[in-house]
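Reader: Got a few minutes to go through this model with me? I'll jump around a bit.

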Amino acid sequence: MSIRKSHEKTEIKAEESNSPNVSRKTHRMPILVRMIFFGIISAAMAWGLVAVFSRDYRMDRAVETGGEMARNACRMVNSYLTRGIFDFEDLEPSENGDETYVDYLQKEIIPEICKGLGLKYLYLFTIDDNNVRHHVVSVASDPEDQKLLDENAPPGSISATPLTESEIAAKNGDKSGVLTVEDNQYGHVCKCVMPYYNLEGELVVFIGADCGMDEILEVMKKEDIYLLLFEFLVLAIGFNVLLVLIRFRVLKPIRTLSERMTLFSKKKEIDLPKREHQFRDEVTDMQDSFHAMADEIMDYIDNIKKLTYEQAQSKIQLQIASKIQSGMVPPRKTFEGEGCRIAASMQPAQEVGGDFYDIFELADGRVGFIIGDVSGKGVGAALFMSMTRQILREHLFRGERPSDAFTASNVDICKENPEGFFATVFAAVWDPSERTLTYANAGHNPPIRLGERKEYLTIEGGIMLGLFDDAEFTDESLVLEKGDGLFLYTDGATEAVDSEHNAYGKERLLQTVSDTKPDPETLIDTVSGAVTEFEGSAGAFDDLTLIAFIAE
């Protein structure tokens, strides 16, 4: 079938699906199923909300409400006590029968506070050293509760029952009013206790307030039921309205757009009719995005082909550069000269690296070796590395001391460094006749001295090569006995990190070297393996270059 006929057939099907009869027949059942589905979800949500409100959540709200009422009552009583300058002697009855301030509170003030705030009980009491309560004032808002109170805790009576958490907190000086919920002979109450101190800061009496939890829970239960019914009604109406909107504003336009996308995937052309609309919406934006995408797809295909070709060429060039670099700086090298053995290795983090090393024998029998780390990575760093290594090698081959070789090389490097690269380098020359190792440092990591005691060598760190053409460098020397030597490394060892971003570090490197047999090849293998194992799945972030020099 031709593309044109397929296009016409698809348009005819789309027109048929948009006809009223087909629409009613096709979409009535799915909408009913969705309405039943959302109705079940709404009922489940309402039931879940009822369960939540009727249990833990309602209890927390009741405690919060009752506790706030009880705290307010305690604060009001406290203010009345302070206003009457209430003190210890006010707890005793008057000798001549006059009404005391306690009597006034018992008859006039505390009952009004108790009833006005809707509390169950409001009372004053003291606690002696034996944790026995002495009731001073006891008031209930309900007459029946007052009878119960008069029987169990009338003023002047004592109670030796264990103290509650709120009473213990108040006795310990907590003025905030710690809340406890308990079931006792007075009912299911939320209790709050606060201490009252006189003007001299002495503890005089405790103020207690109990709020009935059953009454609060009953009121909240009714409120929650009405709220849930209202939410369920709103949810049901909202779902049904949403279903109608989804059907006309989303499902139908998306179906049409899907047919056009299917047609485009077969035809691979963009001359498709756009959806007619009076105002913009998400589906219209989707349609416009699709047409914009279709306009770009063919360009993307061409660009991808071109990019794939360029990436392949770039990969080939990197592989060639890597092979050239391996020829100049082999991944592994061992050297046996007069009075010494040397082993070295280099593991680039990418196809080409910025680290380098070199080991060579001079015309007079001396042995030279260098290690360096170039700033940056990639081909540019590799080219700069190659230049730096070659220039240093030439100057050292002339018999120059390491410091003089650094000075002369640095001038040449600064002249040929338009990209502003720089390199840290350590260079040394071994004189077997004098058993002397002369070395200079250009900002490189301090090496580890090998021997009876393994430690980092303290050296004068000159400035890195390639920064300033007037930089100065200093020679230092060591007299080495048999078995002494140096272990050199780049940042790829100490700055290696594991999957949790922990660094390998100088201390771990020193410990690894100290625990390893003082043999050049063994040291290289052990340290290289330890760093690789430490990095694990994180992989190498930087080049790793190592040199082990042992005097024989």
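Reader: Glu535, buried or exposed?

Author: Glu535 is buried, at a relative accessible area of 7%. Buried here means under 20% relative accessible area, exposed means over 50%, and partly exposed is in between, using a 1.4 Å probe and protein chains only. Bear in mind that this is a predicted model, where local features need pLDDT of at least 70 and side-chain atom pairs count only at pLDDT 80 or more, while totals for chains, interfaces and linings use all residues. Residues are numbered from 1 along each chain as its sequence is written, and side-chain values use heavy atoms, with hydrogens and water left out.

Reader: Fine. What does Glu535 touch?

Author: Not counting residues up to four places away in sequence, Glu535 touches Gly492, Ala496, Val497, Asp498, Ser499, Ala540 and Phe541. Contact means heavy atoms within 4.5 Å.

Reader: And which helix does Glu535 lie in?

Author: Glu535 lies in helix 13. Helices (H or I, at least four residues) and strands (E, at least two) are DSSP runs, numbered from the N terminus.

Reader: OK, on to sheets. What's the strand order in the one with strand 17?

Author: That open sheet has 6 strands in the order 7-8-17-16-13-14, with antiparallel pairing. Two strands pair if DSSP finds at least two bridges between them.

Reader: Which strands stand at the edges?

Author: Strand 7 (332-337) and strand 14 (455-456) do; each has a single partner strand, so one side of each is left without a neighbour in the sheet. Helix 13 (residues 520-535) packs on this sheet, where it touches strands 7, 8, 13, 16 and 17. The direction of helix 13 makes about 155° with that of strand 17. For such angles, axes are lines fitted to C-alpha atoms, for helices over the stretch in contact, and the angles run from 0 to 180 degrees between N-to-C directions.

Reader: How many bridges between strand 8 and strand 17?

Author: Strand 8 (residues 340-347) pairs with strand 17 (residues 544-551) over 8 bridges, in the antiparallel sense. Met346 has Thr545 in strand 17 as its bridge partner. Strand 8 also pairs antiparallel with strand 7, over 6 bridges, and there Lys333 stands opposite Ala344.

Reader: What's between strand 7 and strand 8?

Author: They form a hairpin with 2 residues between them, and Gly339 in the turn has a positive phi of about 75°.

Reader: Now the other sheet. What's the order with strand 3 in it?

Author: It goes 3-2-1-6-5-4, an open sheet of 6 strands with antiparallel pairing. Strand 3 (158-159) and strand 4 (179-184) are the edge strands, each pairing on one side only. Strand 4 runs antiparallel to strand 5 (residues 187-197), joined by 6 bridges, and Glu182 has Val189 as its bridge partner there.

Reader: What angle does helix 4 make with strand 2?

Author: About 50°, with helix 4 (residues 101-116) lying across strand 1 and strand 2. Helix 5 (residues 143-152) lies across strands 1 and 2 as well, at about 165° to strand 2.

Reader: And where does helix 4 bend?

Author: At Ile109, by about 40°, with a proline, Pro111, following within four residues. The bend at a residue is the angle between axes fitted to the seven residues ending there and the seven starting there. Ile109 and Pro111 are among the buried residues of helix 4, as are Tyr101 and Val102. After helix 4 comes Gly118, whose phi is positive, near 75°.

Reader: Switching to charges. How many salt bridges in the whole structure?

Author: There are 13, counting a side-chain nitrogen of Lys or Arg within 4 Å of a carboxyl oxygen of Asp or Glu. Arg401 and Asp475 make one of them, with the closest N and O atoms 3.0 Å apart. Arg401 lies in the loop between helix 9 (378-397) and helix 10 (402-415) and Asp475 in strand 15, so the pair ties together parts that are 74 residues apart in sequence.

Reader: Asp475, buried or exposed?

Author: Asp475 counts as buried at 18% relative accessibility, while Arg401 is partly exposed at 44%. The side chain of Asp475 also makes a polar contact of 2.4 Å with that of Ser403. A polar contact is a pair of N or O atoms within 3.5 Å; within protein, one must be able to donate a hydrogen and the other to accept it, and residues adjacent in sequence count only if both atoms are side-chain atoms.

Reader: Last one: which residues are linked in a network of salt bridges?

Author: Arg341, Asp519 and Glu552 are.
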